[in-house]
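The exercises below ask you to read backbone angles and strand pairing from a model, with a worked solution after each task. Try each task before you read on.

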Amino acid sequence: MNYSALLSFFSPAIVLSRTVVLTALWTTAGLLLFPILGSTQNATVSGSLRDRQNGESLIGATVQAPGLGKGNASNEYGFYSLSIPEGKDSVLLRFAYIGYQTQTLKVLPRGSIKLDIELVPVGSLLEEVVIEANGLDEKRKSTEMSVSTISTREVKALPALFGETDIIKILQLKPGITPGSEGTTGLFVRGGNNDQNLIVLDEAVVYNANHLFGFFSTFNSDAVKDLKVYKGGFPAQYGGRLSSVIDVRMKEGNSKKLSGTGGIGLISSRLTLEGPIQKDKSSFIVSGRRTYADIITEQVNRANEGKPDYNKIPRYYFYDLNTKVNFTLSPKDRLYLSGYFGRDVFLYKDPTFDFRFDWGNATGSARWNHVFGPKLFSNTTFTYSDYRYKIENQLQGFSFSLSSNVKDANTKVDFYWQPNNKHTVRFGGNITYHDFITARLKAGSDDGRVRFEAGRDYNGMEYGAYIADEWAIDRLKINYGLRLSMWQNNPAFYANIEPRVATNYEVNNRLSLKASYARMNQYVHLLASSGLSLPTDIWYPSTEGVKPEISDQVAIGASYLLGDQILVTWEAWYKWLQNSVDFKDGAELFGNNELEKELSIGRGYAYSPLELEIEKKEGRLTGWIGYTLAWVKRGDFPEIDNGAWFSPRHDTRHNVSVVALWDVHKWKKKGKDKSLQITATWVYSSGYVSWLPSGRFTFQDVPGAPFLTTVPYYGPRNTFRYPAYTRSDLGIVYKWKKRNRFENDLTLSVYNATDRRNPYFITIAVETEKTAFGEIPVEIKAKQVSLFPILPSLTWNFKF
Amino acid sequence: MNFKNLLPVAAVLFLMACNLTKDVEIDLPEYDRQPVVECYLEPGKPFRLLLSRSYAFFDKLGLDSTFLENTLLDGAMVTVTYNGQTDTLKNQLTADLSPVKIFNYVGQNLVPSTPGTEFVLNIRLADGGEITGATSMMPLVPIDSVVVEFSPDIDTLGRMLTYITDNQNQENFYRRLLNYSSLDSFPDQDFLVTDRFSQTALIAFGTGYELAEGDTVFNTIFHVTREYYDFVESVQLAVIGNLNPFAQPSPIKSNVHGSANPIGIFAPLVYDRDTTIVRK
């Protein structure tokens, strides 16, 4: 296939002058507005949709006028708007959301009607308040495609490694997403790289969403309300990364009463408190999590203090703190302030060696929702993000430190305008200031006689402006828009137009056909020395030498509603990547002021003819089955294998996941409500691709250096595929509650329940014999190293 | 190997200890054996070269009479040209005993020590394959001083600080080796360093507080070429890449080339070595 020809079809020269770009944007805005403003006037019902028990806004809840065949859904702030023809007769409105009692109301359709609705969660006291996104039929009817949502209910019930529930790891079970490596929170979405995911927490970018070298994510599921991932068909309001948008929303806090949740697990404990500051007007939530292995290791160290042969255990821990407050300032204004702070800390200190390595994120968001009227809603946001790591070593008279830091300050305004039921318009813009410190090295003696310094600072301005309209034309819905993105890092300046279009044609009340196209630009790049996420990976800006990365993705698909409860979704997609960044072989990342010389710029592509998901969200048995058949390639890097094309590590051909949650039984005994739930996941993946040596040689080296009997000789990249990966996990959740007391649950999680030895890494064992010339290798054996055997864990959770 | 690389290697060793490893059969791509050249030009010593062959990764070696024949590449014509003269190296197996180093090609002349002297290596293999390489002699960077200091907290443990003066007018590359007891021991420190980011002419190499009274320390600072620095670094990355799942492997960056598709290094061997017995 001639990829260059295909690519040029989709990507006419895109770097344009500012004048041309702005003219194009405003022309498009005019084209969008022309059909919208031509529509007729109606009565408008608008307001917010919330949970009656805790006041949390409901995202994606539906409001429908069944008699008129009209409907809409609440946005990410719980705001909705529905236009209906003015008339003298009352119109029945139905408000619905999965897991909540449907509420109906009659309204007289005249003028502007404000209705703030609170829905009541269904079921007994023991049921989780189910906060999920669109119902399956709404999902089928939506122009959104390539979208997955994860509910906190699924996250908390599904089995997890060491019992640490993790929303990112549940996301990895969705089709089109692979983790890149066992046990980690890596996200390789539709063949993209791990740095090509825009992860936002309350709209603030999280640069490194990992703890413990990627084994746990930074998201404490007690504090998270909702997660939505876009794998393609990106709405115009999002930009800045090539392969996915992962939008994580924190809970707002219970505005009705003081409540709390918490848990004690194998490696960490959690506590969350939330409640009203002023009932129904303002609320807060504070949530914390900390690991405690270090408390045990410190006791072990203390017990062995002074023993001559004892090697002290280094201290390691991580923690997270999420906070949020929100205030209803007036019926039309609401203010949210939220923040996240998390750190990993690795310490070793004794009289002869003092070492500290810490890394983490801090984010802050201030958001102001304003309702201009029944048809226009705005959200103005200020966010701040900071990711940094620092390695410090003190040794009497000498010190060493290595650090990197990326900081963003962002201002964003988004408008949501629904002039009538045929159009929903979104427009807005953002300005982001980026500040980068890359691999700052300082070493030397305290007296200044010896001094090493390296590292460079960069900054950049990123601008975005967008407009998009969702237009409903009978059975056809089309969401078309345009995003203009710009980047300035003197003297480099780039401006790019990113067209976005997504359509849905509803063939009948069960089948919808969908298609989408999206172009994305990425102006910051993660320089990772391996396919895995490490805290020492460096974020690097676009410069004159490192152009913005570009992706183009087309997708087609179909959604079929099987019965009332099962949605079958098929998608096929193709993604092109330009200006991909990789390291030259043997590149030096640290202590290097000329990092660009270590980079190689190339291209990539990925495609799948079959990405299938079968979902069931209601009933006693829920879950999903996912399957992806995909190919991923990178190439045209002049300094890597002379530009040859190769498979990246995450080019796994087949990926299957089966996720099931079964509410086995609910009963009452001795005044206690009890329930039992069994959960299970099963994953299969073709083996990861790896770069293994093809030859070996002996290197005797210079006097005093070690005689290396087996130096691997690496030929072409990534020619070996590991054996397939399969894992089964099981979970049992037993809940009980005495009336007016704490709700408790014991969650047994069994990771890798069949104790299968999956390949994590293949290493080489050398058998040698002693000769007159030293140790000579006589046989080389490949050894497969597995990471996790069967790992049961028990967590106690409580809620009040 | 630095601290950053030690942690994952330790983790792999831990997993092995937990019985999380098993032997597997894997198929690797076809591999054609390549000549391997190691030629270090040590001032005052004869031109010496080890010419051997690489193996396919899983090839077994029999330690019988065919071992040397199978490993060493004999019958080649090897010459080193410098200052207008050519030394032809004789195909003859020789060895240094301490530390043990073997060579299968030895010249007649002694390597000159004049910095900047240019050397050209030419090898014609028995099968007609050709190998060439070029390098030039480096100036010696002497060790200025070696200081032993004892810990103020644990007075039985000492550290060693080794100072050199760097020429800041040019980029220099160094290799540091620290051996305890003997030069045949596995080095306690072995790393490459460039002066690119040194803000001072004085450069210090240190140890932790780990030396006891009576320890013998062999302290070597090599002043090396950029090509040697790249070659050894690529060798170290290739070795680490095979042990550490977080590390990106590296192809070998050789400075010998030719139709024989060789691997190897042709470089001067200029170093200063201090031997200290730790005293209070």
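Strands (E, at least two residues) are DSSP runs, numbered from the N terminus. The model is a predicted one, in which local features need pLDDT of at least 70 and side-chain atom pairs count only at pLDDT 80 or more, while totals for chains, interfaces and linings use all residues. Residues are numbered from 1 along each chain as its sequence is written, and chains are lettered from A and ligands numbered from 1 in the order in which they are written.

**Exercise 1.** Determine where Asn579(A) lies and whether Asn579(A) is buried, partly exposed or exposed.

Solution. Begin with the place, which is strand β34 of chain A, residues 566–583. Next take the backbone: Asn579(A) is not a glycine, and yet its phi is positive, at about 55 degrees. For the surroundings, apply the rule that a residue is buried if 20 or more other C-beta atoms lie within 10 Å of its own, exposed if 12 or fewer, and partly exposed in between, with C-beta atoms placed from the backbone. Asn579(A) has 19 other C-beta atoms within 10 Å and is therefore partly exposed.

**Exercise 2.** Carry out the analysis for Asp701(A), starting from its place in chain A.

Solution. Asp701(A) sits in the loop between β40 (695–699) and β41 (708–713) of chain A. Its phi is positive, about 65 degrees, although Asp701(A) is not a glycine. Because 21 C-beta neighbours fall inside 10 Å, Asp701(A) counts as buried.

**Exercise 3.** Describe the faces of strand β2 of chain A (residues 62–65) and find the strands that pair with it.

Solution. In a regular strand the side chains alternate between the two faces of the sheet. In β2(A), Thr62(A) and Gln64(A) on one side and Val63(A) and Ala65(A) on the other are all buried, which leaves both faces covered. For the partners, recall that two strands pair if DSSP finds at least two bridges between them. β2(A) runs antiparallel to β5 (residues 91–96) of chain A, with three bridges, and antiparallel to β3 (residues 70–73) of chain A, with four bridges. Thr62(A) has a bridge partner in each: Ala96(A) in β5(A) and Ala73(A) in β3(A). Finally, β2(A) and β3(A) form a hairpin with four residues between them, and Gly69(A) in the turn has a positive phi of about 70 degrees.

**Exercise 4.** Identify the covered face of strand β8 of chain B (residues 118–124).

Solution. The covered face consists of Phe119(B), Leu121(B) and Ile123(B), whereas Glu118(B), Val120(B), Asn122(B) and Arg124(B) make up the uncovered one. From the covered face, Leu121(B) has Gly133(B) in β9(B) as its bridge partner.
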